[in-house]
Every structure is written in structure tokens, then in C-alpha cells.
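Open the structure in your viewer and show it as a cartoon. The stops below each give a selection and then what is found there.

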Amino acid sequence: MVRQLSLEEKAALKMELFQKVENGFEQMFGDGKLDALRTFVQKDDQAGQIVDEIWQWMMEKHIEKDEQTDLVETKRMCPFCGGIGKSREEDNDPRGIVGTQGSVSFKRESFYCGRCRKVFFPSGPKA
Ligand SMILES: [Zn+2]
């Protein structure tokens, strides 16, 4: 079955997204912002927050459409807010564990929740 949005749904989503982009623009370039965001860290933090929010919204809206067909990856769900986590594969440092048989290193999958600005580890599908 081909899934697609109706014209009305598309228009509504686009409006909502454009509103977010507009708000983000104001938070970055609106009156007083050039002076308020002086340092690299301030700029980076503000821009990151805007992008995270838009990313989160995009993911939620997209995943909403999967819910009927049960395609949601439960391991991606943020345990704090129920939002959708972003994969942090690039940050998966191998960790060493020293056991009785010597040391083992393994990679642990982790996700980042843009809304909570927290990293979490999947606990697997809920029983
Ligand atoms: Zn969260």
C-alpha cells in the first residue's frame, strides 16, 4: 500500500514547519540577537537548539504516520519525554570492561533526545 499525505495534510505540515523555521530565524537573527549571541558557544548552542527542535518535529510527524503500521522503533523512544532519539553511532566509544577472563570491549548503542538534550541508552522493547 502506498502511503501519502493528502494535499490538506501537506499544506498544514508545511505551515507548521515554516512557522518553526521563522521562529528559529528570529531567535538567531532577530532584533538584538547579533549582540546577544556573541561567542561561538552561544551561537552554536542557539543554532543547535533550533535545529534539534525542527529535527524532533520532523521525526515525530513522520513517525506519527507509521504508528498505524507499527513501524516505530521503540528503542529510539526517549525514556524522559517519549520523544524520538537521534542515533549517536559516531559517539559510541568502545568501552573496556575487565572481567575475570580478561578485558572485553564493546560498543553500546546510544541515542540523543533533542527535546531533553539528554543521551539515553535503549532498554529494548517494552515487555
Ligand atoms: Zn526526551
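In what order do the strands of the open sheet lie, and with what pairing? The order is S1-S4-S5, and the pairing in this open sheet of 3 strands is antiparallel. The model is a predicted one.

**The sheet**

Select strand S1 (86–87) and strand S5 (118–120) to see the edges of the sheet. Each has a single partner strand, so one side of S1 and one side of S5 are left without a neighbour in the sheet. Add strand S4, residues 111–113, which runs antiparallel to S5 and is joined to S5 by 3 bridges. Within this pair, show Phe111 and look across to S5: the residue opposite is Phe120.

**The loop between S4 and S5**

Next select Arg117, in the loop between S4 and S5. Its phi is near 55°, a positive value in a residue other than glycine. Most residues other than glycine have a negative phi. Is Arg117 buried or exposed? Arg117 has 12 other C-beta atoms within 10 Å and is therefore exposed.

**From Phe120 to Pro79**

Keep Phe120 on screen and add Pro79, which belongs to the loop between H3 and S1. Pro79 and Phe120 are 41 residues apart along the chain, and their C-alpha atoms are separated by 7.5 Å. Pro79 has 15 C-beta neighbours inside 10 Å, so Pro79 counts as partly exposed.

**Helix H1**

Move to residues 7–29, helix H1, with 23 residues. From the first C-alpha to the last, H1 reaches 32 Å, close to the 33 Å expected at 1.5 Å a residue. How many of the 23 residues of H1 are buried? The number is 0, so H1 lies largely in the open.

**H1 against H3**

Add helix H3, residues 40–66, and look along the pair: H1 and H3 pack at an angle of about 170°, and their axes are 9 Å apart. The two helices, H1 and H3, are therefore roughly antiparallel to each other. For the contact itself, select Leu13, Lys20, Val21, Gly24, Gln27 and Met28 on the H1 side. On the H3 side, select Gln46, Ala47, Ile50, Glu53, Ile54, Trp57 and Lys61. Colour the contact of H1 with H3 by residue class: 7 of its residues are nonpolar, 3 are polar and 3 are charged.

Two C-alpha pairs can be checked with the distance tool. Start with Asn23, a residue of helix H1, and Ile50: they are 27 residues apart in sequence, and 8.6 Å separates them in space, C-alpha to C-alpha. Asn23 is partly exposed, because 14 other C-beta atoms lie within 10 Å. Then take Val51, in helix H3, and Gly24, again 27 residues apart along the chain, with C-alpha atoms separated by 8.2 Å. With 12 C-beta neighbours inside 10 Å, Val51 counts as exposed.

**The whole chain**

Finish by showing the whole model. Which elements does the protein have? There are 3 helices and 5 strands, and along the sequence they follow the pattern α-α-α-β-β-β-β-β. Of the 127 residues in the protein, 7% are buried. Among contacts between residues at least 6 apart in sequence, 52% join residues at least 24 apart.

Conventions. Residues are numbered from 1 along each chain as its sequence is written. This is a predicted model: local features need pLDDT of at least 70, side-chain atom pairs count only at pLDDT 80 or more; totals for chains, interfaces and linings use all residues. Helices (H or I, at least four residues) and strands (E, at least two) are DSSP runs, numbered from the N terminus. The expected span of a helix is 1.5 Å times one less than its number of residues. A residue is buried if 20 or more other C-beta atoms lie within 10 Å of its own, exposed if 12 or fewer, and partly exposed in between; C-beta atoms are placed from the backbone. Two strands pair if DSSP finds at least two bridges between them. Axes are lines fitted to C-alpha atoms, for helices over the stretch in contact, and angles run from 0 to 180 degrees between N-to-C directions. Angles under 35 degrees count as roughly parallel, over 145 as roughly antiparallel, 65 to 115 as roughly perpendicular and the rest as oblique. Two residues are in contact if their C-beta atoms, placed from the backbone, lie within 7 Å. Ala, Val, Leu, Ile, Met, Phe, Trp, Tyr, Cys and Pro count as nonpolar, Asp, Glu, Lys and Arg as charged, and the others, Gly among them, as polar.
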